[in-house]
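This briefing covers a metal site and the sheet and helices around which the notes are grouped. Please read the points below alongside the sequence and the model.

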Amino acid sequence: MDYICGRIYMGIIQHACIGIEDGKIVEIKKVVERKAKDYGDVIILPSGIDVHVHFREPGYEYKEDFFTGSRAAAMAGITCVLDMPNNKPPILSKNAFNEKVRKIETKACIDYGLYAGIKERAYDVDCIAYKTFLSSDNEIFCSPEKIQDVLKEVKRARKPIAIHAEMEECIERRNAKNLEEHERNRKKDCEIMGIKEVLEINKDIGAKIHFCHVTLPEAVGLINGKASFGSTLHHLLFSIQSKFGYQAMGKVNPPLRKEEERRRLYEMFVNGKIPILESDHAPHLMKEKEGFEDAKAGMPGVDALLPIMLYFVKTGRISLKRLVGMVSENPARLLGINKGSIAIGKDADLIIVDLNDVKKVKPISKCGWSCYEGMNAIYPRHVWMRGNIVVEDGIAKWPMGERVK
Ligand SMILES: [Zn+2]
């Protein structure tokens, strides 16, 4: 058995030693007789789980692929991601799903689960969850009259479903020349309407729902324990008033909101009302962001989320307890996976963090840019996954991820 000792977060920080066997935590005690790796004064936390990334493979590997995306995640302290199904081809069948698995399974540096796209019928695959869009931004579009069928199908499959809840009928498909016009086209009501509709239909079905990237305080109030939800870092930190190199770098769906709305969402985050932080890491090349009207929506983020949040902990904006809840414990609970906390029986997924080691965000994703570039951040020094070192002194190791189902 290997032992790691140090100042370990288990609700509070205390000095202890973790015994690891076959990738799992099998012992936690104050002192060990045998030789152990002692990390001294730095802190040891559970590593992060990001329930929402687009690693672009298959189909758009020029923006990101499963190796570069998972390596970027690892270097930023994330050791499990859930990858979205809007690939080329879209993951809408057992065949497409299995083909994707075949392509990526030797390339993942960290553990990963895959969403299966659903627009009507479920299909029998070992996905971690399903995903659908109420907006027709891609092929995985669920029209209002199909929502009921979709919820029944996922209930029968006993898997959660993640929903992009902007209602198509509310979206205005006009050209937008800037962030303000983009927000006007996809106004608040579209998100509110989508969430209301789904919750109403699900009353009698009881499917396990996760609303992706909630941007509005009103939406948080509406969900109120009836479903899981997460918010992204970009909706917490940026608004349509924010300045970017190219404005389209801030073009995302759902859109960045007005500054006063962003501030209210941020208040909720500070007050512990946001259960899950997700990156919605959606890289595009910088040259795809030059013009606004034709720019694809989405920005990278898996390579910055946890480091920025660790800096927020250092500066007292949020507590360590709240951070671990949002990026480790709650995502693990949503997915029912054996990760997300330092406890006996859990996977030994750990980050070793020196809160005094403040750096500036630099993009790690293949796309080569980040809206967070230059912000203060604390990157983990070492990252362990199932008892293996996947990042050592900030350098990522070879692929060793396994699929969670
Ligand atoms: Zn997304």
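A residue counts as buried when its relative accessible area is under 20%, calculated with a 1.4 Å probe on protein chains only. By that criterion, His54 and Asp280 are both buried. The model is a predicted one, and these two residues belong to its zinc site, where they serve as ligands together with His52.

**Zinc site**
- The zinc ion is coordinated through NE2 of His52, NE2 of His54 and OD of Asp280, at 2.0 to 2.2 Å.
- Along the chain, the donors of the zinc ion are spaced as H-x1-H-x225-D.
- His54 sits in the loop between β5 (48-53) and α1 (66-75), and Asp280 in the loop between β12 (276-278) and α9 (305-314), so this pair ties together parts that are 226 residues apart in sequence.

**Sheet**
- Eight strands form an open sheet with parallel pairing, in the order β5-β6-β7-β8-β9-β10-β11-β12.
- β5 and β12 are the edge strands, each of them pairing on one side only.
- On average, neighbouring strands of this sheet are turned by 30° against each other, direction ignored.
- Two bridges join strand β10 (residues 209-211) to strand β11 (residues 228-232) in the parallel sense.
- Phe211 has Phe229, in β11, as its bridge partner.

**Helices on the strands**
- Helix α10 (residues 320-335) packs on the sheet and touches β5, β6, β10, β11 and β12.
- The direction of α10 makes about 65° with that of β5.
- α1 lies across β6 (78-83) and β7 (111-117), and runs at about 135° to β6.

Notes: Residues are numbered from 1 along each chain as its sequence is written. This is a predicted model: local features need pLDDT of at least 70, side-chain atom pairs count only at pLDDT 80 or more; totals for chains, interfaces and linings use all residues. Side-chain values use heavy atoms; hydrogens and water are left out. Donors are N, O and S atoms within 2.8 Å of the metal (3.2 Å for Na, K and Ca); water is not among the atoms, so sites may look incomplete. Helices (H or I, at least four residues) and strands (E, at least two) are DSSP runs, numbered from the N terminus. Buried means under 20% relative accessible area, exposed over 50%, partly exposed in between (1.4 Å probe, protein chains only). Two strands pair if DSSP finds at least two bridges between them. Axes are lines fitted to C-alpha atoms, for helices over the stretch in contact, and angles run from 0 to 180 degrees between N-to-C directions. Contact means heavy atoms within 4.5 Å.
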